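Me: I have a model open and would like to learn how to read the way helices pack. Could you walk me through it?

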Amino acid sequence: MFPRRRFPPRARSGEIGGCFCDRHRAAFLQSGGFAPGRWEELLNDVRERRPTALLRAWLDFTCDELSASFRRQREAFAGDLGIMVMYLGAEKAGIRLRDYADVPFRVGELMFDDPAFAPVKGKTDELFSVLFHRRFVRPEFAFSETTAYPADRLSGVHLAAKLVISTLADVRHTMFMSGLTPFPREHWSVLAPAMREQARRHAEIAGHRPRGPFKHVWGEAQRLIGQDNPFSLWLAAGVPFEVVEELSPEGWHFVSDHDAGELAAAPAGAAAKLVSRDSATSRPPRAEVVAESLPALFALKRRIQPELRDVPHVEEDEPAVCAWFPTVRKVMVWNLSAEARTLTLADGERRIPLRLGPLQATAAEVAARGETKAR
Ligand SMILES: [Zn+2]
């Protein structure tokens, strides 16, 4: 008899992991030459989410073990073995992402049902996580785990919207999963045309990177000790964005709460403009503090309007993702509203009206600027 399993397994996103049994305790203490008393100290660091040197050593130890296990299995399998990562999966779960850059990499991004995916933040959280994982994996090796659970609880319209996320983030393989029960048959009247449309749109921008003044940051502190609640709603502000690994003097960096705390403790990249959520308990004094709400983010967009003059962006205060691919002179706009909207894309002096159905995305040609090199 197999033990009964939950499907999907209970998400343990945000947990600082590893195996805390006696054998692993002994192996860890020995590996770092730590005195036995340090074990209690480590457990307290885990409980209180303190990014100490000891906690980092523990996560290194855990990641080393998991990466070695993966490599051994891959050799034994002698095939294209890949890894399955959960929503915002990272080093705190033993997954050292850079060890999996050259293998099939599949990510389950939560939002399995309509109540989770329907809010604008449900969509921006999912897009945020996919953009983060794509920092580590080539598009050809990127697989989504686009799950509905139970099978009939994520509408066809929502499943179709997830295809837009794959297009925007250049995830080449979208895997629809419904467990052991097929999707309701009527889903396919929505999904079939959406799949054809996204395949066509994806071909136009595949291999090109979104660029823009809003910077997507998910730093080490979030990956080591953070709960997985990213500051993501700014993706709905209708301003182009790009994924960065380091702070730079350009643009606005949206930092989640533990990253804000780390930057407060060791201010790096002093010239970088930071935007921190008001929920962060500590943050650098120079950070602009914004609530994670649409009105607050639209107000920020209006304040910085003069600096967006040469950046294509959505004019209205309506939730929309605006992804700019300057190397193909295209902008893709995704209406995050559950109703049809007419949005205006500002492109220098031009105004381009875009009529979009609920959760629909479209692309527009924009003027050439600066960058012409792909990727
Ligand atoms: Zn163990």
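Me: Which residues of helix 5 meet helix 6?

Reply: Happy to help, and keep in mind that this is a predicted model. To read a helix contact, list the residues on each side. From helix 5 come Lys-123, Glu-126, Leu-127, Val-130 and Leu-131, and they meet Ala-161, Ile-165, Leu-168 and Ala-169 of helix 6. Sorted by class, this contact has seven nonpolar, no polar and two charged residues.

Me: How do the axes of helix 5 and helix 6 cross?

Reply: Look at the distance, the angle and the hand. The axes of helix 5 (residues 120-133) and helix 6 come within 10 Å and cross at roughly 35°. The crossing is right-handed.

Me: And what angle do helix 6 and helix 7 make?

Reply: Here the axes of helix 6 (residues 156-169) and helix 7 (residues 187-205) cross at roughly 10° and come within 9 Å. Angles under 35 degrees count as roughly parallel, so that is how helix 6 and helix 7 lie to each other. Helix 6 contributes residues including Leu-159, Leu-163 and Val-164, while those of helix 7 include Val-190, Leu-191 and Met-195. By class, nine nonpolar, five polar and one charged residues make up this contact.

Me: How many helices and strands does the chain have, and what is its radius of gyration?

Reply: The chain has 10 helices and 15 strands. For the radius of gyration, compare the value with that of a compact globule: with 375 residues one would expect near 21 Å, and the chain has 22 Å, so the two agree. Buried residues account for 39% of the 375.

Methods
Residues are numbered from 1 along each chain as its sequence is written. This is a predicted model: local features need pLDDT of at least 70, side-chain atom pairs count only at pLDDT 80 or more; totals for chains, interfaces and linings use all residues. Axes are lines fitted to C-alpha atoms, for helices over the stretch in contact, and angles run from 0 to 180 degrees between N-to-C directions. Helices (H or I, at least four residues) and strands (E, at least two) are DSSP runs, numbered from the N terminus. Angles under 35 degrees count as roughly parallel, over 145 as roughly antiparallel, 65 to 115 as roughly perpendicular and the rest as oblique. Two residues are in contact if their C-beta atoms, placed from the backbone, lie within 7 Å. Ala, Val, Leu, Ile, Met, Phe, Trp, Tyr, Cys and Pro count as nonpolar, Asp, Glu, Lys and Arg as charged, and the others, Gly among them, as polar. The radius of gyration is taken over C-alpha atoms; the globule rule is 2.2 Å times the number of residues to the power 0.38. A residue is buried if 20 or more other C-beta atoms lie within 10 Å of its own, exposed if 12 or fewer, and partly exposed in between; C-beta atoms are placed from the backbone. A crossing is left-handed if the near helix is turned anticlockwise from the far one by less than a right angle, and right-handed if clockwise.
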